[in-house]
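Welcome to a short set of exercises with worked solutions. Have your viewer and a notepad ready, and try each task before reading on.

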Amino acid sequence: MNVLELKNISKIYGSLKALSEIDLVVKKGEWLAIMGPSGSGKTTMMNIIGCLDKPSSGSVILDGKDIAKENAAGLTAIRRDKIGLIFQQFHLVNYLTALENVMVAQYYHSMPDEAEALQALEKVGLKDRAKHLPAQLSGGEQQRVCIARALINSPMLILADEPTGNLDEANEGIVMDLLQGLHDDGSTVIVVTHDPEVAEKAQRTVILEHGRIARIIENSSAEKADET
Amino acid sequence: MEGKKFKKYKMYLKMVTSSLLRRRSRMIVALLAIIIGATILSGMITVYYDIPRQMGSEMRSYGANLVLIPSGEGMTADDVNEAKKYFPTSGEVVGIAAYRYSTGKINEQPFMVAGTEFDAVKKVSPFWHVTGSYPSASGEILIGQDVAELLHVLTGDIVTLYGNAGDSSIYSADLRISGIVKTGGTEEGFIYMTLSDLEGLIGGTGKIDAAECSIVATASEIDTAAAEIAARVPAVSAYPVKKVTSSEQAVLSKLTSLVLLVTIVVLILTMICVSTTMMAVVAERRREIGLKKAIGASNRNIIVEFLGENIFLGGLGGAFGILFGFLFAQAVSMNVFSRGITFQPLLIPVTLAASVVITVAACLLPVRNAAEVDPAIVLRGE
């Protein structure tokens, strides 16, 4: 079953063509990496898939619905209900504790539930840091809170933008293991990265160049990991 | 199960209070702007409402504003009391000084002699400047400055006053000068003694030639009272002292207009000040707004959260403003009028409402604009 279909999408900013005629299908439970050099259109593609932006042309079918036709409020509702976002710079609400940051996503989605939020923090190994403010957490811990927040509403798609970009090696390993765990649990994960080691963990890697898909690599090591 | 579930509104309150309490330094800046605005607003309103009362009392120190004189054969204390019933009910009667006049001679010099009650004179004519003291015992007199200069006498001297006793006989009395009065007016040519002393010399009790009344009231109220007395008390003619009542009214209306103008200007400045602070606060939180939108907050969610924060801030600022505003008005009143100010209970809801409305209105536009931000742009740090 396809979770996401990009059909001939292009994005134009004035005279700049950031994305050009992209076609891509992402299946349910798939782990996909999007790679490319700076200016290749990674962020634009991430914004379109994450319903933070709309394409200039083409259609984006998420869970059978063309999000290119949605207005701003409709895109917000889709982000809330179907997508879990993880950002490179963590982006937590600085006056809320780790637990409250997770519960905020529940609050906007449906009903805050402290026990569920604590479980999500436990899953990322931060149950004992639940009452800490972001400023009291390390970068790696903040990113794990972001992951807990992204998965709390059981989204159909987890979208991570350079999730290890600001982390040291140890924390990078922890975060990648968490993403692997989400994938193993059946979540569809799309990671935008410039790091080949991060991309290697995915089943497929889409290489973008000059706003076009240059090639798609089927990652054998990931398949092996899946088989085992 | 219910206990484990966080109600939505509890989470909402948590977010609002956390935003205010954990961003304390930022909140204090906004709160300070609101407190200053609310303080000046409530202080100015207090002064505005209290000025007529303060000025009314102040103007009473310039003398009587209503004079009662006999309209026919004579006027008695009872007639004055009857006329008093028609004084304006809203105003306080500061005092009524009744006078009886006669003529007398000292060293062959003729003078006007007036009998009165000095306790009432002190209230009605507080501007009298007395060197020495008011007569406090029988046989003492207060003389005007002109009289003192003419007779070359000083306080403590004894003078012999003689005149017509009323039954064609001549009275003669040795009287001690207890004080010399300076007013800058006709009073300086008079000799004053107690009413009972004068009655003892010239005979006839209970008669009054004039009664000077000092009443805290507007010019139109005094006019109405005068007309009422003329119609209802035949023995008395009442005359407003136009010079005092109309100038009092003119000063009052100019002062209240000035304070109203200042209050409006301050209100506008407060709104601008609070709006600017709120704009800065909201601009500072664009990234947070973008993040919340990215994880699913609707524009309405964002606006409702800011509204909650600003209602709380406005209420708290308003409460402080009421307290500080009263102290401010009290300080103004003590400095300008040397009198305390009365607290207006109506100021509590008015200041709270104005403070909340101004704060909410000041933040609505920037929040509405901020809620429209593109989360993708904000999260990229643009």
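The expected span of a helix is 1.5 Å times one less than its number of residues. Keep in mind throughout that the model is predicted.

**Exercise 1. A helix and its span**

Work out what span helix H1 of chain B should have, and check it against the distance between its end C-alpha atoms.

*Solution.*
Step 1: Helix H1 of chain B covers residues 8–22, which makes 15 residues.
Step 2: At 1.5 Å a residue, the expected span is therefore 21 Å.
Step 3: The end C-alpha atoms are 20 Å apart, which agrees with that expectation.
Step 4: Now pick out the buried residues of H1(B): they are Met11(B), Tyr12(B), Met15(B), Val16(B), Ser18(B), Ser19(B) and Leu20(B).
Step 5: For reading such a list, recall that an α-helix has 3.6 residues a turn, so residues three or four places apart point the same way.

**Exercise 2. The interface**

Describe the contact of chain A and chain B: how many residues does each chain give, and how much area is buried?

*Solution.*
Step 1: Chain A contributes 28 residues to the contact, and chain B contributes 32 residues.
Step 2: About 2800 Å² is buried between the two chains, with carbon and sulfur atoms giving 64% of this area.
Step 3: Look for the main contributors in chain A. Tyr95(A), Tyr107(A) and Tyr108(A) supply 30% of the area that chain A buries against chain B, more than any other three residues.
Step 4: Turn to the polar side. The rule finds eleven residue pairs in polar contact across the interface, and it also finds two salt bridges there. Glu100(A) forms a salt bridge with Arg22(B), and the closest N and O atoms of this pair are 2.8 Å apart.
Step 5: Assign the chain A side to helices. Helix H1 (42–49), helix H2 (72–82) and helix H3 (98–109) of chain A each supply at least two residues of the side that touches chain B. The largest share, six residues, comes from H3(A).
Step 6: Sort that side of chain A by class: 15 residues are nonpolar, seven are polar and six are charged.

**Exercise 3. Positive phi**

Most residues other than glycine have a negative phi. Where does Asn8(A) lie, where is Glu108(B) found, and is Glu108(B) buried or exposed?

*Solution.*
Step 1: Asn8(A) is not a glycine, yet its phi is positive, at about 55°. Asn8(A) lies in strand S1 (residues 2–13) of chain A.
Step 2: With 43% relative accessibility, Asn8(A) counts as partly exposed.
Step 3: Glu108(B) also has a positive phi, near 70°. Glu108(B) sits in the loop between strand S3 (93–106) and strand S4 (109–116) of chain B.
Step 4: The relative accessible area of Glu108(B) is 57%; exposed means over 50%, so Glu108(B) is exposed.

**Exercise 4. The surroundings of a threonine**

Is Thr205(A) buried or exposed, and which residues does Thr205(A) touch?

*Solution.*
Step 1: Place Thr205(A) in strand S9 (residues 204–209) of chain A.
Step 2: Its relative accessible area is 4%; buried means under 20%, so Thr205(A) is buried.
Step 3: Leaving out residues up to four places away in sequence, Thr205(A) touches Ala33(A), Met35(A), Ala199(A), Arg215(A), Ile216(A) and Ile217(A).
Step 4: One of these residues also meets a polar group: the side chain of Thr205(A) reaches the backbone oxygen of Ala199(A) at 3.4 Å.

**Exercise 5. Salt bridges**

How many salt bridges does a search of the whole structure find, and which parts of chain A does the pair of Asp53(A) and Lys11(A) link?

*Solution.*
Step 1: The search finds 21 salt bridges over all chains.
Step 2: In the pair of Asp53(A) and Lys11(A), the closest N and O atoms are 3.3 Å apart. Asp53(A) is in the loop between H1 and strand S4 (57–62) of chain A and Lys11(A) is in strand S1 of chain A, 42 residues apart. Both residues are buried.
Step 3: Arg212(A) forms a salt bridge with Glu21(A), with 3.5 Å between the closest N and O atoms. Arg212(A) lies in strand S10 (residues 212–218) and Glu21(A) in strand S2 (residues 16–27), so this pair ties together parts that are 191 residues apart in sequence.
Step 4: Check accessibility: Arg212(A) is partly exposed at 42%, and Glu21(A) is partly exposed at 41%.

Technical notes:
Residues are numbered from 1 along each chain as its sequence is written. Chains are lettered from A and ligands numbered from 1 in the order in which they are written. This is a predicted model: local features need pLDDT of at least 70, side-chain atom pairs count only at pLDDT 80 or more; totals for chains, interfaces and linings use all residues. Side-chain values use heavy atoms; hydrogens and water are left out. Contact means heavy atoms within 4.5 Å. Buried area is the accessible area (1.4 Å probe) that two parts lose on being put together, summed over both. A salt bridge is a side-chain nitrogen of Lys or Arg within 4 Å of a carboxyl oxygen of Asp or Glu. A polar contact is a pair of N or O atoms within 3.5 Å; within protein, one must be able to donate a hydrogen and the other to accept it, and residues adjacent in sequence count only if both atoms are side-chain atoms. Helices (H or I, at least four residues) and strands (E, at least two) are DSSP runs, numbered from the N terminus. Ala, Val, Leu, Ile, Met, Phe, Trp, Tyr, Cys and Pro count as nonpolar, Asp, Glu, Lys and Arg as charged, and the others, Gly among them, as polar. Buried means under 20% relative accessible area, exposed over 50%, partly exposed in between (1.4 Å probe, protein chains only).
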